[in-house]
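Here's a quick briefing on a couple of things worth a look in this one. Have the sequence and the 3D view open as you read.

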Amino acid sequence: MTDAYQTIIIFGATGDLAHRMLFPSLYNLYLDRLLPSDVQIIASGRSVMDDEAFRASIELPDDRYDAEEAAAFLTRIRYCPVSGEAAQFAALRDMVGDRIDRGVAVYLSTPPSLFAPMVAGLGKAGLAGPTVRIAMEKPIGHDLASSRDVNDAVNAVFDEDRVFRVDHYLGKETVQNLLVLRFGNMLFEPLWSARGIEHVQITVAETVGLEGRVSYYDGVGALKDMVQNHMLQLLALVAMEAPASMTPAAVRDEKVKVIRSLRPMSPDTVEQLSVRGQYGAGAVGGEPVKGYADELGHRSDTETFVALKAHIDNWRWAGVPFYLRTGKRMPERSSEILIQFRPVPHSIFAKKGKGLQPNTMLIRIQPQENIQLQVMAKQPGLDRHGLNLREVALDVSLSTEAAGQRRRIAYERLLLDLIEGDPTLFVRRDEVEAAWTWIDSIHQAWTQANVPARPYTAGTWGPSAAIALIERDGASWHE
């Protein structure tokens, strides 16, 4: 690991993400001896405390807990409070000392509004040279203009090749396996176009409501919170052309091309191509829940659900609709991609059999990660009155082959890639801004066409208009 940076700084270290994901991930990497032998982790937050107090606040994973290893890991962690003052950044720089020559990886697990001032503080303190990389959690801005402002502020201090924008979906095993499925198997790629695929569905459903995100979520909504990053990343991986290699530039170039090919929406088309929704009172998992306005404490037009019919205007995908759906207070938590293949051009079983269905591929990302291919097979029997056909699931995931192997947290891969300097699974500036360009076209069209957020009952799959959006084309949402 000649390029592995030996110091990790985590801003927002007292926050939920750091405690649930970042420190457990670093502990797992430490146990597997994947961190540099001399690694030091500097935690930073607004609260003032000493090293021991912070270490005592960290909860390590029960499934791999070892008292001796945990104690050794915790000694690697120091704490330095930083709330924005120049003297605090200077103290942080002093804590890093000459370790800066061996590389520093900075992780901003902070509200996006702090990205620019934190980066400026790092620059003034001398923590932004060629041996420093920086990672930022999404979102990057709230529209194209603000995204550019954030990126300009970051790039004024850090060159683009040292900026790692995080979308944790890209660290998930199944998401990465999608690339191997497509480009490592001759079986699928010849059909992976408008010639073989009828439509694509991408669903990201949450059972939670605001859950403490009131100040952030209201005024942002599902389109900007989920579609702009997670869902467009999944769409890009499904639709991208084969990169020339698995180098970071080649992979990210092809993703950008897809996002730039998305057809903008206009006030004339947005009502036929999109649905906004907001959950009311209902029940999720058998438990009664309040409506969005009741949770918020006042009325709001912010959407908690959005369904879109997207088109990619290029040769591979001409005429193939991509249906995107995401929402809060859905019946179940799931993230999945459905590839609906076209039916066979002529059924030889039409007179002797029944039930012939087009093939589908279901790629489940959470809560369980697996990939299934539905194919047609014959029911056992003598077939005296015609062939009886049925759909059979072929499991092409790693769930069986990887039995007994620990499934890694997505952040383990992303943190390791940050430390080792591999940007393949991180989002480049032009990709973020291309995504915002498309999202802005939808949001502006909603405003100009006065598209309302339709009510739906918590614990259901969104407004009935979302069902009509896809059923007008003779398809149905996978549920």
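Three elements each put at least two residues into the lining of the largest cavity: strand E6 (163-166), helix H9 (221-239) and helix H14 (429-449). Keep in mind that this is a predicted model. The bullets below start with that cavity, go on to the second largest one, and finish with helix H4.

**The largest cavity**
- With a cut-off of 30 Å³ or more, the count comes to 3 cavities.
- The largest cavity holds about 140 Å³ of space.
- Its lining is made up of 16 residues, and the ones nearest the centre are Gln228, Asn229, Gln233, Val427 and Val432.
- Which helix gives the largest share of this lining? That's H9, with 4 residues.
- Sorted by character, the lining of the largest cavity comes out as 9 nonpolar, 3 polar and 4 charged residues.

**The second largest cavity**
- Here you're looking at about 70 Å³ of space.
- The residues lining the second largest cavity are Leu170, Val175, Gln176, Leu179, Leu237, Val251, Lys255, Thr424 and Leu425.
- Two elements give two or more residues to that lining, namely helix H7 (173-183) and helix H10 (248-260).
- H7 has the largest share of the lining of the second largest cavity, at 3 residues.
- By character, the lining of the second largest cavity splits into 6 nonpolar, 2 polar and 1 charged.

**Helix H4: two faces**
- Over in helix H4 (residues 86-96), the buried residues are Gln88, Phe89, Leu92, Met95 and Val96.
- Why do they count as being on the same side of H4? Because they cover an arc of only 115° around the axis.
- The general background is simple: an α-helix has 3.6 residues a turn, so residues three or four places apart point the same way.
- Turn to the face of H4 that looks away from the buried side and you'll find the exposed residues Ala86, Ala87 and Asp94.

**Helix H4: what it packs on**
- What do the buried residues of H4 pack against? Their partners are four strands, E1 (7-11), E2 (40-44), E3 (77-79) and E4 (104-108), plus helix H5 (115-124).
- Just after H4 comes Gly97, which takes a positive phi of about 60°.

How values were computed. Residues numbered from 1 in each chain as written. Predicted model: local features only at pLDDT ≥ 70, side-chain atom pairs only at ≥ 80, totals over all residues. Heavy atoms only, no water. Buried < 20%, exposed > 50% of the residue type's maximum accessible area, 1.4 Å probe, protein only. Arc of directions from axis to C-beta. Contact = heavy atoms within 4.5 Å. 1 Å grid on protein atoms, 1.4 Å probe; cavity = no way out; pocket = protein on both sides within 12 Å on 5 of 7 lines; lining within 4 Å. Points joined across faces, edges and corners; volume = space filled by probe spheres on them. Nonpolar A, V, L, I, M, F, W, Y, C, P; charged D, E, K, R; others polar.
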